[in-house]
Amino acid sequence: MKSKDSSSGNSRRKFLKGSALAAAGFYIVPRNVLGGPGFIAPSDKLRVASIGVGGMGGSDVRGITRTEKADFIALCDVDDSRAKASRELHPKAKYYKDFREMLEKEEKNIDAVTVSTPDHTHAVAAMAAMKMGKHVYVQKPLAHDIYEARMLTEAAKKYKVVTQMGNQGSSGDGVRQMVEWYDAGLIGEATKVYSWTDRPVWPQGIQWPSEPVTPPTDLDWDLWLGTAPYKDYVGNLVPFNWRGWWDYGTGALGDMACHIMEPPFRVLGLGYPKSAECSVGSVYVGEFKRGYFPESCPPSSHITLRFDRPSKEDLEFHWMDGGIQPTRPEELAPNEQMGDGGNGVIIEGTKGKMMCSTYGKNPQLLPTSKTKDANVPQTLYRVPGGDSGHYNNWVEACIAGHGSEEYKNLSSPFSIAGPLTESVLMGNLAIRSYDYRTPKPDNAAQFDYPGRGIKLLWDGKKMEITNFEAANQFVRRDYRGDYSL
(Lines give C-alpha, C1' and ligand atoms only; values in the text may rest on other atoms or scores of the structure.)
Protein backbone atom coordinates (compact mmCIF):
# COMPACT_ATOMS: atom_id res chain seq x y z
CA MET A 1 0.00 0.00 0.00
CA LYS A 2 1.52 3.34 -1.05
CA SER A 3 1.18 6.07 1.52
CA LYS A 4 -0.65 9.26 0.55
CA ASP A 5 2.57 11.27 0.59
CA SER A 6 4.68 8.83 -1.44
CA SER A 7 6.64 10.30 -4.34
CA SER A 8 5.01 7.98 -6.87
CA GLY A 9 1.55 8.92 -5.57
CA ASN A 10 2.33 12.66 -5.82
CA SER A 11 3.66 12.27 -9.36
CA ARG A 12 0.53 10.41 -10.44
CA ARG A 13 -1.79 13.05 -8.94
CA LYS A 14 0.17 15.89 -10.61
CA PHE A 15 -0.09 14.12 -13.94
CA LEU A 16 -3.84 13.61 -13.61
CA LYS A 17 -4.40 17.18 -12.48
CA GLY A 18 -2.36 18.56 -15.37
CA SER A 19 -4.15 16.36 -17.89
CA ALA A 20 -7.54 17.47 -16.60
CA LEU A 21 -6.69 21.17 -16.92
CA ALA A 22 -5.28 20.67 -20.38
CA ALA A 23 -8.27 18.85 -21.82
CA ALA A 24 -11.50 20.89 -21.93
CA GLY A 25 -14.49 18.91 -20.73
CA PHE A 26 -12.41 15.96 -19.55
CA TYR A 27 -12.84 14.76 -15.94
CA ILE A 28 -11.65 11.89 -13.79
CA VAL A 29 -14.32 9.41 -12.71
CA PRO A 30 -13.94 8.60 -8.98
CA ARG A 31 -12.87 5.04 -8.23
CA ASN A 32 -15.87 4.49 -5.96
CA VAL A 33 -18.13 5.22 -8.95
CA LEU A 34 -16.24 2.74 -11.12
CA GLY A 35 -16.37 0.08 -8.44
CA GLY A 36 -19.86 0.73 -7.11
CA PRO A 37 -21.00 1.71 -3.61
CA GLY A 38 -18.57 0.74 -0.89
CA PHE A 39 -15.79 -0.07 -3.37
CA ILE A 40 -12.28 0.15 -1.94
CA ALA A 41 -9.51 0.31 -4.50
CA PRO A 42 -6.74 -2.27 -4.03
CA SER A 43 -4.22 0.56 -3.56
CA ASP A 44 -6.23 1.79 -0.55
CA LYS A 45 -6.28 -1.55 1.24
CA LEU A 46 -3.97 -2.63 4.04
CA ARG A 47 -1.52 -5.33 2.96
CA VAL A 48 -1.30 -7.84 5.78
CA ALA A 49 0.93 -10.77 6.72
CA SER A 50 -0.24 -13.03 9.54
CA ILE A 51 1.93 -15.08 11.91
CA GLY A 52 -0.06 -17.88 13.49
CA VAL A 53 -3.25 -18.48 11.49
CA GLY A 54 -4.92 -21.43 13.24
CA GLY A 55 -7.08 -21.31 16.35
CA MET A 56 -7.22 -17.71 17.63
CA GLY A 57 -5.00 -16.74 14.71
CA GLY A 58 -7.65 -18.03 12.35
CA SER A 59 -10.22 -15.93 14.18
CA ASP A 60 -8.00 -12.89 13.73
CA VAL A 61 -7.63 -13.58 10.02
CA ARG A 62 -11.40 -13.86 9.64
CA GLY A 63 -11.99 -10.71 11.69
CA ILE A 64 -9.65 -8.64 9.55
CA THR A 65 -11.06 -10.18 6.38
CA ARG A 66 -14.56 -9.05 7.38
CA THR A 67 -13.43 -5.42 7.40
CA GLU A 68 -13.06 -5.70 3.59
CA LYS A 69 -10.23 -3.18 3.89
CA ALA A 70 -7.28 -5.59 3.87
CA ASP A 71 -5.51 -7.91 1.45
CA PHE A 72 -3.64 -10.88 2.87
CA ILE A 73 -0.27 -11.11 1.19
CA ALA A 74 1.29 -13.88 3.30
CA LEU A 75 0.34 -16.41 5.95
CA CYS A 76 2.69 -18.18 8.36
CA ASP A 77 2.17 -21.12 10.69
CA VAL A 78 4.32 -23.95 12.00
CA ASP A 79 1.35 -26.34 11.84
CA ASP A 80 0.02 -27.04 8.33
CA SER A 81 -3.17 -28.69 9.55
CA ARG A 82 -4.07 -25.73 11.78
CA ALA A 83 -3.37 -23.29 8.96
CA LYS A 84 -5.63 -25.05 6.45
CA ALA A 85 -8.79 -22.97 6.92
CA SER A 86 -6.96 -19.62 6.65
CA ARG A 87 -5.08 -20.78 3.56
CA GLU A 88 -8.34 -21.80 1.93
CA LEU A 89 -9.84 -18.41 2.80
CA HIS A 90 -6.88 -16.61 1.18
CA PRO A 91 -5.52 -18.97 -1.48
CA LYS A 92 -3.45 -16.24 -3.17
CA ALA A 93 -1.47 -15.49 -0.02
CA LYS A 94 2.03 -16.99 0.08
CA TYR A 95 2.52 -19.53 2.85
CA TYR A 96 5.52 -19.83 5.17
CA LYS A 97 6.46 -21.84 8.24
CA ASP A 98 9.16 -19.54 9.65
CA PHE A 99 8.04 -15.95 10.35
CA ARG A 100 11.61 -14.72 9.98
CA GLU A 101 11.76 -15.97 6.40
CA MET A 102 8.35 -14.50 5.66
CA LEU A 103 9.29 -11.03 6.94
CA GLU A 104 12.57 -11.07 5.05
CA LYS A 105 10.98 -12.03 1.75
CA GLU A 106 7.76 -10.01 2.05
CA GLU A 107 9.09 -6.85 3.69
CA LYS A 108 8.47 -4.71 0.62
CA ASN A 109 5.05 -6.21 -0.05
CA ILE A 110 3.32 -5.68 3.30
CA ASP A 111 2.16 -2.82 5.51
CA ALA A 112 1.12 -4.67 8.65
CA VAL A 113 1.57 -7.91 10.56
CA THR A 114 -0.67 -9.84 12.95
CA VAL A 115 0.86 -12.08 15.62
CA SER A 116 -1.35 -14.83 17.06
CA THR A 117 1.15 -17.45 18.18
CA PRO A 118 1.58 -19.01 21.63
CA ASP A 119 2.65 -16.38 24.16
CA HIS A 120 6.38 -17.15 24.10
CA THR A 121 6.70 -16.03 20.45
CA HIS A 122 4.65 -12.81 20.60
CA ALA A 123 7.45 -10.39 21.37
CA VAL A 124 10.16 -11.59 18.98
CA ALA A 125 7.74 -11.73 16.05
CA ALA A 126 6.15 -8.36 16.78
CA MET A 127 9.48 -6.65 17.36
CA ALA A 128 10.89 -7.96 14.08
CA ALA A 129 7.90 -6.49 12.25
CA MET A 130 8.05 -3.13 14.03
CA LYS A 131 11.74 -2.75 13.27
CA MET A 132 10.73 -2.95 9.60
CA GLY A 133 8.23 -0.15 10.17
CA LYS A 134 5.22 -2.45 9.98
CA HIS A 135 2.04 -1.88 11.95
CA VAL A 136 1.25 -4.78 14.30
CA TYR A 137 -1.75 -6.46 15.89
CA VAL A 138 -0.70 -8.83 18.69
CA GLN A 139 -2.94 -11.23 20.56
CA LYS A 140 -3.20 -10.95 24.33
CA PRO A 141 -1.20 -11.12 26.44
CA LEU A 142 1.05 -8.70 24.62
CA ALA A 143 4.16 -10.55 25.81
CA HIS A 144 5.36 -13.50 27.85
CA ASP A 145 7.37 -11.48 30.39
CA ILE A 146 7.52 -7.94 31.75
CA TYR A 147 10.72 -6.96 29.94
CA GLU A 148 9.24 -7.93 26.57
CA ALA A 149 6.11 -5.88 27.24
CA ARG A 150 8.20 -2.81 28.07
CA MET A 151 10.38 -3.23 24.97
CA LEU A 152 7.34 -3.54 22.69
CA THR A 153 5.77 -0.44 24.22
CA GLU A 154 8.93 1.57 23.66
CA ALA A 155 9.38 0.20 20.13
CA ALA A 156 5.88 1.27 19.09
CA LYS A 157 6.76 4.82 20.05
CA LYS A 158 10.22 4.68 18.50
CA TYR A 159 9.17 3.29 15.12
CA LYS A 160 5.90 5.26 14.98
CA VAL A 161 3.78 2.29 13.99
CA VAL A 162 0.10 1.62 14.63
CA THR A 163 -0.37 -1.06 17.29
CA GLN A 164 -3.26 -2.95 18.85
CA MET A 165 -3.50 -5.80 21.35
CA GLY A 166 -6.16 -8.45 20.81
CA ASN A 167 -8.31 -7.71 23.85
CA GLN A 168 -11.48 -6.91 21.92
CA GLY A 169 -13.45 -5.84 24.97
CA SER A 170 -11.40 -2.64 25.01
CA SER A 171 -13.41 -1.57 21.94
CA GLY A 172 -16.74 -2.25 23.64
CA ASP A 173 -19.22 0.32 24.88
CA GLY A 174 -19.26 -1.17 28.40
CA VAL A 175 -15.85 0.01 29.52
CA ARG A 176 -16.53 3.49 28.14
CA GLN A 177 -19.82 3.63 30.03
CA MET A 178 -17.99 2.73 33.24
CA VAL A 179 -15.40 5.47 32.66
CA GLU A 180 -18.17 8.03 32.21
CA TRP A 181 -19.95 6.85 35.37
CA TYR A 182 -16.75 7.07 37.36
CA ASP A 183 -15.78 10.46 36.00
CA ALA A 184 -19.27 11.70 36.92
CA GLY A 185 -18.61 10.66 40.52
CA LEU A 186 -21.34 8.03 40.76
CA ILE A 187 -19.28 5.74 43.02
CA GLY A 188 -16.95 8.36 44.50
CA GLU A 189 -13.25 7.60 44.85
CA ALA A 190 -12.28 4.00 44.09
CA THR A 191 -10.74 2.12 47.01
CA LYS A 192 -10.64 -1.56 45.94
CA VAL A 193 -10.98 -3.66 42.81
CA TYR A 194 -11.89 -7.35 42.64
CA SER A 195 -11.45 -9.30 39.41
CA TRP A 196 -11.82 -13.04 38.89
CA THR A 197 -12.03 -15.89 36.38
CA ASP A 198 -12.94 -19.57 36.32
CA ARG A 199 -9.85 -20.29 34.20
CA PRO A 200 -7.74 -22.39 33.82
CA VAL A 201 -9.86 -24.77 31.79
CA TRP A 202 -6.77 -26.79 30.82
CA PRO A 203 -4.41 -28.91 32.98
CA GLN A 204 -2.18 -26.94 35.35
CA GLY A 205 -0.21 -27.73 38.48
CA ILE A 206 0.92 -31.03 36.97
CA GLN A 207 4.17 -32.81 36.20
CA TRP A 208 5.77 -32.57 32.77
CA PRO A 209 4.98 -35.77 30.81
CA SER A 210 7.81 -38.27 31.11
CA GLU A 211 7.32 -40.06 27.79
CA PRO A 212 8.14 -38.17 24.59
CA VAL A 213 6.11 -38.99 21.50
CA THR A 214 6.61 -38.42 17.78
CA PRO A 215 5.43 -34.97 16.63
CA PRO A 216 2.65 -34.87 14.01
CA THR A 217 4.01 -34.74 10.47
CA ASP A 218 2.24 -31.40 9.85
CA LEU A 219 3.97 -29.70 12.79
CA ASP A 220 7.48 -28.23 12.76
CA TRP A 221 8.26 -28.81 16.44
CA ASP A 222 11.56 -26.91 16.47
CA LEU A 223 9.91 -23.79 15.02
CA TRP A 224 7.00 -24.14 17.44
CA LEU A 225 9.47 -24.15 20.37
CA GLY A 226 11.00 -20.97 19.01
CA THR A 227 12.47 -18.98 21.89
CA ALA A 228 11.84 -21.71 24.49
CA PRO A 229 14.44 -24.27 25.66
CA TYR A 230 14.54 -27.42 23.57
CA LYS A 231 12.48 -30.35 24.84
CA ASP A 232 11.26 -33.48 23.15
CA TYR A 233 7.70 -33.32 21.90
CA VAL A 234 5.05 -34.60 24.31
CA GLY A 235 1.34 -35.23 23.95
CA ASN A 236 -1.45 -33.03 25.29
CA LEU A 237 0.50 -29.81 24.74
CA VAL A 238 -0.23 -28.57 21.22
CA PRO A 239 -2.44 -26.89 20.12
CA PHE A 240 -4.03 -25.58 23.37
CA ASN A 241 -2.65 -26.88 26.66
CA TRP A 242 0.71 -25.11 26.32
CA ARG A 243 -1.01 -22.28 28.26
CA GLY A 244 -0.35 -24.11 31.53
CA TRP A 245 3.46 -24.32 31.12
CA TRP A 246 5.74 -21.40 31.96
CA ASP A 247 8.09 -21.98 29.01
CA TYR A 248 5.27 -21.20 26.58
CA GLY A 249 2.20 -19.79 28.32
CA THR A 250 1.24 -17.38 31.05
CA GLY A 251 -1.52 -19.34 32.77
CA ALA A 252 -4.95 -18.08 33.69
CA LEU A 253 -3.64 -14.53 34.12
CA GLY A 254 -2.23 -14.42 30.60
CA ASP A 255 -5.35 -15.94 29.12
CA MET A 256 -8.03 -13.80 30.78
CA ALA A 257 -6.60 -10.90 32.80
CA CYS A 258 -6.09 -8.65 29.75
CA HIS A 259 -9.84 -9.00 29.17
CA ILE A 260 -10.98 -8.73 32.78
CA MET A 261 -8.48 -6.31 34.35
CA GLU A 262 -8.66 -3.90 31.42
CA PRO A 263 -11.94 -2.17 32.42
CA PRO A 264 -10.77 -1.08 35.89
CA PHE A 265 -7.36 -0.13 34.48
CA ARG A 266 -9.03 2.20 32.00
CA VAL A 267 -11.63 3.49 34.45
CA LEU A 268 -9.03 4.36 37.08
CA GLY A 269 -6.13 5.29 34.80
CA LEU A 270 -3.70 2.90 36.47
CA GLY A 271 -0.01 2.49 35.67
CA TYR A 272 2.64 0.23 37.20
CA PRO A 273 1.87 -1.41 40.56
CA LYS A 274 4.10 -0.66 43.55
CA SER A 275 3.83 -4.13 45.09
CA ALA A 276 2.54 -7.66 44.55
CA GLU A 277 1.77 -10.59 46.82
CA CYS A 278 0.01 -13.89 46.27
CA SER A 279 -1.39 -17.11 47.61
CA VAL A 280 -1.33 -20.19 45.40
CA GLY A 281 -3.41 -23.36 45.26
CA SER A 282 -1.60 -26.64 45.89
CA VAL A 283 -1.75 -30.13 44.41
CA TYR A 284 -1.04 -32.93 46.88
CA VAL A 285 0.46 -36.15 45.55
CA GLY A 286 0.30 -38.00 48.87
CA GLU A 287 -0.58 -37.51 52.51
CA PHE A 288 0.97 -34.22 53.63
CA LYS A 289 3.05 -34.31 50.45
CA ARG A 290 2.65 -31.22 48.32
CA GLY A 291 3.53 -31.68 44.67
CA TYR A 292 6.28 -29.43 43.37
CA PHE A 293 5.90 -28.74 39.65
CA PRO A 294 7.69 -25.43 38.97
CA GLU A 295 7.41 -25.83 35.19
CA SER A 296 3.62 -25.67 35.40
CA CYS A 297 1.32 -22.79 36.35
CA PRO A 298 -0.71 -23.41 39.52
CA PRO A 299 -4.32 -24.64 39.58
CA SER A 300 -5.49 -21.45 41.32
CA SER A 301 -4.11 -18.21 42.72
CA HIS A 302 -5.04 -14.97 44.45
CA ILE A 303 -2.93 -11.92 43.56
CA THR A 304 -3.01 -8.59 45.38
CA LEU A 305 -1.48 -5.61 43.59
CA ARG A 306 -1.21 -2.15 45.09
CA PHE A 307 -1.06 1.01 43.02
CA ASP A 308 0.35 4.31 44.19
CA ARG A 309 -1.86 7.25 43.23
CA PRO A 310 -0.74 10.87 43.66
CA SER A 311 -2.57 12.65 46.51
CA LYS A 312 -4.75 9.58 47.09
CA GLU A 313 -4.60 6.42 49.13
CA ASP A 314 -3.12 3.34 47.50
CA LEU A 315 -5.55 1.29 45.44
CA GLU A 316 -5.87 -2.39 46.38
CA PHE A 317 -6.41 -4.57 43.29
CA HIS A 318 -7.30 -8.26 43.63
CA TRP A 319 -7.09 -10.98 40.99
CA MET A 320 -8.49 -14.47 41.60
CA ASP A 321 -8.47 -17.50 39.30
CA GLY A 322 -9.19 -21.22 39.39
CA GLY A 323 -12.77 -20.62 40.52
CA ILE A 324 -11.90 -18.43 43.52
CA GLN A 325 -14.26 -15.46 43.82
CA PRO A 326 -14.65 -12.50 46.17
CA THR A 327 -17.47 -12.27 48.68
CA ARG A 328 -20.72 -11.11 47.09
CA PRO A 329 -21.41 -7.39 47.69
CA GLU A 330 -24.29 -6.75 50.10
CA GLU A 331 -25.86 -4.52 47.44
CA LEU A 332 -26.28 -7.52 45.10
CA ALA A 333 -29.56 -9.39 45.61
CA PRO A 334 -29.23 -13.09 46.55
CA ASN A 335 -30.39 -14.39 43.17
CA GLU A 336 -28.61 -11.80 41.02
CA GLN A 337 -25.57 -13.03 39.11
CA MET A 338 -22.19 -11.66 40.13
CA GLY A 339 -20.29 -10.72 36.96
CA ASP A 340 -21.13 -13.34 34.36
CA GLY A 341 -20.92 -16.16 36.87
CA GLY A 342 -17.43 -17.43 36.18
CA ASN A 343 -15.74 -14.08 35.53
CA GLY A 344 -16.18 -10.47 36.50
CA VAL A 345 -15.06 -7.18 38.04
CA ILE A 346 -16.27 -5.15 41.01
CA ILE A 347 -14.96 -1.66 41.68
CA GLU A 348 -15.65 -0.39 45.20
CA GLY A 349 -15.80 3.35 45.81
CA THR A 350 -16.42 5.73 48.70
CA LYS A 351 -19.98 6.37 47.51
CA GLY A 352 -20.93 3.15 45.75
CA LYS A 353 -19.89 0.20 43.61
CA MET A 354 -19.97 -0.86 39.97
CA MET A 355 -19.69 -4.28 38.34
CA CYS A 356 -19.20 -5.80 34.90
CA SER A 357 -18.58 -9.16 33.28
CA THR A 358 -15.82 -10.31 30.90
CA TYR A 359 -14.73 -7.72 28.30
CA GLY A 360 -16.44 -4.97 30.32
CA LYS A 361 -19.85 -6.17 29.17
CA ASN A 362 -23.09 -5.60 31.07
CA PRO A 363 -21.85 -2.74 33.27
CA GLN A 364 -24.01 -2.25 36.36
CA LEU A 365 -24.16 0.08 39.30
CA LEU A 366 -24.87 -1.61 42.64
CA PRO A 367 -27.54 -2.09 43.67
CA THR A 368 -28.44 -2.87 40.05
CA SER A 369 -31.65 -0.83 40.33
CA LYS A 370 -29.47 2.29 40.15
CA THR A 371 -28.27 1.45 36.66
CA LYS A 372 -31.42 2.47 34.80
CA ASP A 373 -31.41 5.88 36.49
CA ALA A 374 -27.78 6.66 35.65
CA ASN A 375 -27.94 9.48 33.13
CA VAL A 376 -24.48 10.92 32.48
CA PRO A 377 -23.26 12.67 29.33
CA GLN A 378 -21.47 10.58 26.72
CA THR A 379 -17.98 12.03 26.61
CA LEU A 380 -15.93 9.22 25.05
CA TYR A 381 -15.59 8.05 21.47
CA ARG A 382 -17.51 4.85 20.70
CA VAL A 383 -15.98 2.31 18.32
CA PRO A 384 -18.49 1.48 15.55
CA GLY A 385 -19.67 -2.05 16.21
CA GLY A 386 -18.29 -2.06 19.76
CA ASP A 387 -16.06 -5.03 20.55
CA SER A 388 -16.83 -6.55 17.15
CA GLY A 389 -15.26 -3.43 15.62
CA HIS A 390 -11.90 -4.06 17.30
CA TYR A 391 -10.21 -5.26 14.09
CA ASN A 392 -11.63 -2.43 12.01
CA ASN A 393 -10.46 0.00 14.69
CA TRP A 394 -6.88 -1.13 13.98
CA VAL A 395 -7.16 -1.52 10.20
CA GLU A 396 -8.54 1.99 9.70
CA ALA A 397 -5.80 3.45 11.91
CA CYS A 398 -3.14 1.61 9.88
CA ILE A 399 -4.53 2.97 6.64
CA ALA A 400 -4.81 6.51 8.03
CA GLY A 401 -1.34 6.32 9.57
CA HIS A 402 0.46 7.08 12.81
CA GLY A 403 -0.78 10.27 14.45
CA SER A 404 -4.07 10.36 12.53
CA GLU A 405 -7.48 10.80 14.16
CA GLU A 406 -8.09 7.09 13.62
CA TYR A 407 -4.82 6.41 15.40
CA LYS A 408 -5.93 8.52 18.36
CA ASN A 409 -9.14 6.48 18.56
CA LEU A 410 -7.35 3.13 18.92
CA SER A 411 -8.75 1.04 21.76
CA SER A 412 -5.66 -0.89 22.86
CA PRO A 413 -2.44 0.58 21.44
CA PHE A 414 0.73 -0.60 23.10
CA SER A 415 0.90 2.67 25.08
CA ILE A 416 -2.14 1.31 26.96
CA ALA A 417 -1.75 -2.44 26.42
CA GLY A 418 1.90 -2.47 27.50
CA PRO A 419 1.47 -1.17 31.07
CA LEU A 420 -1.68 -3.29 31.44
CA THR A 421 0.22 -6.41 30.37
CA GLU A 422 3.10 -5.60 32.72
CA SER A 423 0.69 -5.46 35.65
CA VAL A 424 -0.91 -8.73 34.57
CA LEU A 425 2.52 -10.37 34.40
CA MET A 426 3.43 -8.97 37.82
CA GLY A 427 0.93 -11.51 39.11
CA ASN A 428 2.88 -14.29 37.42
CA LEU A 429 6.15 -12.95 38.78
CA ALA A 430 4.66 -13.20 42.28
CA ILE A 431 3.45 -16.76 41.60
CA ARG A 432 6.83 -17.90 40.33
CA SER A 433 8.57 -16.25 43.28
CA TYR A 434 6.21 -18.16 45.57
CA ASP A 435 7.44 -21.43 44.03
CA TYR A 436 11.14 -20.48 44.15
CA ARG A 437 13.05 -22.72 46.55
CA THR A 438 16.55 -23.20 47.96
CA PRO A 439 18.07 -26.18 49.84
CA LYS A 440 18.06 -25.87 53.61
CA PRO A 441 21.54 -25.07 54.96
CA ASP A 442 21.54 -28.09 57.26
CA ASN A 443 19.73 -30.56 54.98
CA ALA A 444 20.07 -30.42 51.18
CA ALA A 445 17.14 -32.83 50.77
CA GLN A 446 14.77 -30.27 52.29
CA PHE A 447 13.94 -26.81 51.03
CA ASP A 448 13.11 -23.27 52.05
CA TYR A 449 10.67 -21.11 50.07
CA PRO A 450 11.84 -17.54 50.75
CA GLY A 451 9.37 -15.99 48.29
CA ARG A 452 6.33 -17.10 50.28
CA GLY A 453 4.57 -14.94 52.81
CA ILE A 454 6.22 -11.71 51.67
CA LYS A 455 5.20 -8.63 49.72
CA LEU A 456 7.29 -7.99 46.59
CA LEU A 457 8.17 -4.31 46.20
CA TRP A 458 8.33 -3.22 42.58
CA ASP A 459 10.27 -0.34 41.01
CA GLY A 460 8.29 0.03 37.79
CA LYS A 461 10.71 2.44 36.14
CA LYS A 462 13.68 0.11 36.65
CA MET A 463 11.64 -3.10 36.21
CA GLU A 464 13.09 -4.45 39.42
CA ILE A 465 11.95 -6.13 42.64
CA THR A 466 13.82 -4.26 45.34
CA ASN A 467 13.41 -6.57 48.35
CA PHE A 468 13.80 -10.10 46.95
CA GLU A 469 16.55 -10.43 44.34
CA ALA A 470 15.62 -13.98 43.31
CA ALA A 471 12.32 -12.69 41.89
CA ASN A 472 14.11 -10.63 39.24
CA GLN A 473 15.02 -13.75 37.25
CA PHE A 474 11.33 -13.83 36.21
CA VAL A 475 11.33 -10.28 34.79
CA ARG A 476 13.20 -11.33 31.66
CA ARG A 477 13.96 -14.75 30.19
CA ASP A 478 16.77 -15.95 27.95
CA TYR A 479 16.02 -17.05 24.38
CA ARG A 480 17.17 -20.18 22.66
CA GLY A 481 19.38 -20.00 19.58
CA ASP A 482 19.46 -16.79 17.54
CA TYR A 483 16.06 -15.41 18.61
CA SER A 484 16.29 -11.91 19.99
CA LEU A 485 14.46 -8.62 20.42
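**Entry 1: between the domains**

I began by looking for salt bridges between domain 1 and domain 2, and in this predicted model I found two of them. I noted the bounds as well, since domain 1 covers 42–169, while domain 2 is made of two stretches, 170–384 and 413–474. One salt bridge I wrote down joins Arg 150 to Glu 422, with 2.7 Å between the closest N and O atoms.

I then counted residue pairs in polar contact across the interface of domain 1 and domain 2, keeping those with both residues at pLDDT 80 or more, and the count came to 22. Next I asked myself which elements each supply at least two residues of the side of domain 1 that touches domain 2. My list holds helix 4 (80–89), helix 6 (122–131), strand 5 (135–138), helix 7 (146–159) and strand 6 (163–165). Helix 7 gives the largest share of that side, with eight residues.

**Entry 2: the extent of the contact**

I looked up how far apart the two domains lie, and the C-alpha centres of domain 1 and domain 2 are separated by 25 Å. On the side of domain 1 the contact involves 36 residues, and on the side of domain 2 it involves 45 residues.

I reminded myself that interface size is often expressed as the accessible area lost when the parts come together. For domain 1 and domain 2 this buried area is about 3200 Å², and carbon and sulfur atoms contribute 61% of it. In domain 1, the residues that lose the most area to domain 2 are His 120, Ile 146 and Arg 150, which together make up 22% of what that side buries.

**Entry 3: salt bridges in the whole structure**

I widened the search to the whole structure, which gave 31 salt bridges. One of them pairs the side chains of Lys 192 and Glu 316, at 4.0 Å from N to O. Lys 192 belongs to strand 7 (residues 190–196) and Glu 316 to strand 12 (residues 315–321), so this pair ties together parts that are 124 residues apart in sequence. I also checked whether each partner is buried or exposed: Lys 192 is partly exposed at a relative accessible area of 30%, whereas Glu 316, at 19%, is buried because the limit for that word is under 20%.

Another salt bridge links Arg 480 with Asp 222, whose closest N and O atoms are 2.9 Å apart. Arg 480 sits in the segment after strand 19 (464–465) and Asp 222 in helix 9 (residues 221–225), so here the parts tied together are 258 residues apart in sequence. Asp 222 is partly exposed, with 38% relative accessibility.

A further pair is Lys 361 and Asp 387, whose side chains meet at 3.3 Å from N to O. Lys 361 is in the loop between strand 14 (353–356) and strand 15 (364–366), and Asp 387 is in the loop between strand 15 and helix 12 (390–400), so the pair ties together parts 26 residues apart in sequence. Both count as partly exposed, Lys 361 at 41% and Asp 387 at 23%. I also noted a network of salt bridges that links Lys 140, Arg 199, Arg 243 and Asp 255.

**Entry 4: cysteines**

Last, I asked how many disulfides there are, and the count is zero. Cys 278 takes part in no disulfide, and its nearest cysteine sulfur, that of Cys 297, is 13 Å away. Two sulfur atoms must be within 2.5 Å to count as a disulfide, so the 13 Å between Cys 278 and Cys 297 rules that pair out. Cys 297 is buried, at 1% relative accessibility.

Methods: Residues are numbered from 1 along each chain as its sequence is written. This is a predicted model: local features need pLDDT of at least 70, side-chain atom pairs count only at pLDDT 80 or more; totals for chains, interfaces and linings use all residues. Side-chain values use heavy atoms; hydrogens and water are left out. Helices (H or I, at least four residues) and strands (E, at least two) are DSSP runs, numbered from the N terminus. Buried means under 20% relative accessible area, exposed over 50%, partly exposed in between (1.4 Å probe, protein chains only). Domain bounds come from an automatic or database domain assignment. Contact means heavy atoms within 4.5 Å. Buried area is the accessible area (1.4 Å probe) that two parts lose on being put together, summed over both. A polar contact is a pair of N or O atoms within 3.5 Å; within protein, one must be able to donate a hydrogen and the other to accept it, and residues adjacent in sequence count only if both atoms are side-chain atoms.
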